[in-house]
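I opened this model with a cup of coffee and a list of things to look up. These are my notes, in the order I made them.

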Amino acid sequence: MSAETHGRVGYWRFRFRVWRGQRPFWAGLLTILAGGPIAYFPYAHLSLGGLTLAMATTAGAGSLIIGVLLVVLGLTMWFQAVARVFAGVASIMLALVSLVVSNIGGFLMGFLLGLIGGALAVAWAPADPAAEPGADPAELPDGGDADGGGQDEYVETDEYAYEHDHAVEANGRHSAG
């Protein structure tokens, strides 16, 4: 492998890692994988030797809809990270419904993947934006100290102490008057 090829692969790998870090990637992947067994098993025809087992149920269309919706919700988690909580709760609900509708949730495989993916989507939070490279600490509003030492210290006055004590005397509730 040449240095140029290694550079291109490294660049795309870095870009994928950045993209993956900005969204609930694993939650979306597990939710997409959950849709597979839920949608597949009601239409599967398994062959055991010369015997064909058809597992088609009357809820085959419901299973297909649940499986497709789980795939769509997984893609939503990837491409619309803002809707992650809705997509996570919806995937948990669909996984629970699949227990009844689709052969025990795709023989528990799709059910468990859907539950875990939905829970990961609800629990995921975006990272704090990193400080801009090249930002000069002296230009920060607090004077550049990490502990906020550049700001004025707060000094408690008698007026503040009177208001604070008065509010606490009212059964621990703060009152406006």
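The entries below go from the whole chain to helix contacts, then to single residues and rings.

**Entry 1: ground rules.** I am working with a predicted model, so I kept in mind that local features need pLDDT of at least 70, that side-chain atom pairs count only at pLDDT 80 or more, and that totals for chains, interfaces and linings use all residues. Residues are numbered from 1 along each chain as its sequence is written, and side-chain values use heavy atoms, with hydrogens and water left out.

**Entry 2: the whole chain.** I found seven helices and two strands in the protein chain. Helices (H or I, at least four residues) and strands (E, at least two) are DSSP runs, numbered from the N terminus. Read from the N terminus, the order is α-α-β-β-α-α-α-α-α. I noted that 25% of the 177 residues count as buried. Buried means under 20% relative accessible area, exposed means over 50%, and partly exposed is in between, with a 1.4 Å probe and protein chains only. For contacts with a separation of 6 or more, I see 65% coming from residues 24 or more positions apart. Contact here means heavy atoms within 4.5 Å.

**Entry 3: helix 4 with helix 6.** I looked first at helix 4 (residues 84-101) and helix 6 (residues 109-123), whose axes come within 7 Å and cross at roughly 160°. Axes are lines fitted to C-alpha atoms, for helices over the stretch in contact, and angles run from 0 to 180 degrees between N-to-C directions. Helix 4 and helix 6 are therefore roughly antiparallel to each other. For the wording, angles under 35 degrees count as roughly parallel, over 145 as roughly antiparallel, 65 to 115 as roughly perpendicular and the rest as oblique. Their crossing is left-handed. That term applies if the near helix is turned anticlockwise from the far one by less than a right angle; clockwise makes it right-handed. On the helix 4 side I listed residues including Arg84, Gly88, Ile92 and Leu99, and they meet helix 6 residues, among them Phe111, Gly114, Gly118 and Val122. I sorted the residues of this contact into 11 nonpolar, five polar and one charged. In this sorting Ala, Val, Leu, Ile, Met, Phe, Trp, Tyr, Cys and Pro count as nonpolar, Asp, Glu, Lys and Arg as charged, and the others, Gly among them, as polar.

**Entry 4: helix 2 with helix 6.** Next I checked helix 2 (residues 25-40), whose axis comes within 7 Å of that of helix 6, with a crossing of roughly 160°. Helix 2 and helix 6 are therefore roughly antiparallel, and their crossing is left-handed. I sorted the residues of the contact of helix 2 with helix 6 into 13 nonpolar, five polar and no charged.

**Entry 5: helix 3 with helix 4.** The axes of helix 3 (residues 60-79) and helix 4 come within 10 Å and cross at roughly 160°. That makes helix 3 roughly antiparallel to helix 4. This crossing is left-handed, and I counted 11 nonpolar, six polar and no charged residues in the contact of helix 3 with helix 4.

**Entry 6: two glycines.** Is Gly88 buried or exposed? Gly88 lies in helix 4, and at 0% relative accessibility it counts as buried. Leaving out residues up to four places away in sequence, Gly88 touches Met77, Gly118, Ala121 and Val122. Gly106, in helix 5, is buried with a relative accessible area of 0%. With the same neighbours left out, up to four places away, Gly106 touches Pro37, Ile38 and Phe41.

**Entry 7: an odd phi.** Leu108 caught my eye with a positive phi of about 65°, although it is not a glycine. I placed Leu108 in the loop between helix 5 (103-107) and helix 6. At 40% relative accessibility, Leu108 counts as partly exposed.

**Entry 8: rings.** How many aromatic pairs does a search of the whole structure find? I got 11. Rings of Phe, Tyr and Trp (its six-membered ring) pair if their centres lie within 6.5 Å; planes under 30 degrees apart count as stacked, over 60 as edge-to-face and the rest as tilted. Phe25 and Trp26 are an edge-to-face pair, 5.0 Å centre to centre with 80° between the planes. Phe25 counts as buried at 10% relative accessibility. I also noted that Phe16, Trp19, Phe25, Trp26, Trp78 and Phe79 form one aromatic cluster.
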